[in-house]
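Subject: Structure handover

Hello,

Here is the structure I said I would pass on. Please open it alongside this email. My notes follow below it.

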Amino acid sequence: LPGMGHKEDLSDWIEKGGNSAKLQGLASNATDFVVESEPEPPKPKRDFYLEPWSALKPTKPDWLVKGILERNTLAAVIGESGSGKSFIVVDIACCIATGTPWHDRDVQQGPVVYLAGEGRSGLIRRIGAWAHHHSANPETLMLSSRAIDLGDNRAQLPKVQAALRELPESPALIVIDTLARHSSAAEASNEEMSKFITNLDALKDEFNATVAIIHHVGKDAEKGARGPSAFKAALDHELLATKAKSMDGLVSDNTGFISLTCNKSKDAEPFAPIDFKLEAVDVLDELERPLAEDDGSPVRSCVLKESEPVVIEKPAQRPGRNQQAFIAAYEQLRA
């Protein structure tokens, strides 16, 4: 209403000379009041939502090691003690850290974090042997000071996450050597294994890294990894390292030959078996001099050299006393 002051209303307007005729005139001449529509606020981004397939584009595999390991996956390299599984993982880790092709297979170069649970001194020598043999320094390969329980997401996992966040660049590969040393409870039940896997998934997703676990096989190697079924079910890649076998199918010790096969590849065709020979190499000290024992003998470790498939023939057995008597009788009868 015209001529109105603060907090004045219709009764005040009438006291000032307003009447029904004037009010009707004001109403007749008033313009229509239109409420302006405000744009809808954007919907908050959620971590779970649904999208039509047609809006999504297929993408090619993001290979960390061409045809072997994809980026941002959970992988395991399993095998018996002494099967060479750690040599294989060290070889892959050094190639990724330096950008060196892994036995003629392209790699995606990036930092590597190696959570070492046992044999740290021997591991350092293996890396040194690799660096000497390939004339390449894997300076972005970081080793942990000790093993840590990755099944504990309240106290231990945050320590690993904090250390990884301090790196100048996120790791492309996180190695866990071995499962048993980094979660004593994970092999006890599917529930504990699921907790362990959930924590590894958290590392994998935050850092867009491949997490590779070194693990042992059970008593029956053909049945795969030791422990609950939840482990193999969660893997994107499972690689099996075995020693060379003799003609009768028995494992042959001390041959220096290792075979790597693909037990599982979730979204790609399994690669054909790859065979390696362990080759002895000198380890150098910080001044690039061959490291030596106190008696002067060289300190050596091994590196992998890809080889043709090897089958070790079983040595011929000499017949026993009864067998010899049978052969003699047979020859007599035949004559």
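Start with strand β7, residues 210–216. The strand is mostly covered: seven of its seven residues are buried. Bear in mind throughout that this is a predicted model.

Which way do the β7 side chains point? Thr210, Ala212, Ile214 and His216 point one way. Val211, Ile213 and His215 point the other way. Residues on both faces are buried, the two histidines His215 and His216 included.

β7 has pairing partners. One is β3, residues 74–79, which runs parallel to β7 over six bridges. Within that pairing, Val77 has Ile214 of β7 as its bridge partner. Another partner is β6, residues 173–177, also in the parallel sense, with five bridges. There, Leu173 is matched with Thr210 of β7. So much for pairing; now back to those two β7 residues. Ile214 and Thr210 point one way from the strand, and both are buried.

Next, the pockets.

The largest pocket holds about 510 Å³ of space. Its lining counts 20 residues. Nearest the centre are Ile127, Gly128, Ala131, Asn137 and Leu284. Which element gives the most to this lining? That is α4, with six residues. Helix α4 spans 120–134, and β5 spans 141–143; each supplies at least two residues of the lining. What is the lining made of, by class? Eleven residues are nonpolar, four are polar and five are charged.

The second largest pocket has about 320 Å³ of space. This one is lined by 15 residues. Leu115, Ser144, Ser145, Val160 and Ala163 lie nearest its centre. Three elements give two or more residues each to the lining: β4 (112–116), β5 and α5 (157–165). The largest share, four residues, comes from α5. By class, the lining divides into ten nonpolar, two polar and three charged residues.

One link is worth a look on screen. β5 supplies at least two residues to the lining of the largest pocket, and β5 also gives two or more to that of the second largest.

If you want a viewing order, try this:

- β7, with β3 paired to it over six bridges and β6 over five.
- The largest pocket, with Ile127, Gly128 and Ala131 among the residues nearest its centre.
- The second largest pocket, with Ser144 and Ser145 among the residues nearest its centre.

Best wishes

Definitions and conventions:
Residues are numbered from 1 along each chain as its sequence is written. This is a predicted model: local features need pLDDT of at least 70, side-chain atom pairs count only at pLDDT 80 or more; totals for chains, interfaces and linings use all residues. Side-chain values use heavy atoms; hydrogens and water are left out. On a 1 Å grid over the protein atoms alone, a cavity is a set of points where a 1.4 Å probe fits but cannot get out, and a pocket is an open set with protein on both sides within 12 Å along at least five of seven lines; lining residues have an atom within 4 Å of a point. Grid points are joined across faces, edges and corners, and a volume is the space filled by probe spheres set on the points. Ala, Val, Leu, Ile, Met, Phe, Trp, Tyr, Cys and Pro count as nonpolar, Asp, Glu, Lys and Arg as charged, and the others, Gly among them, as polar. Buried means under 20% relative accessible area, exposed over 50%, partly exposed in between (1.4 Å probe, protein chains only). Two strands pair if DSSP finds at least two bridges between them.
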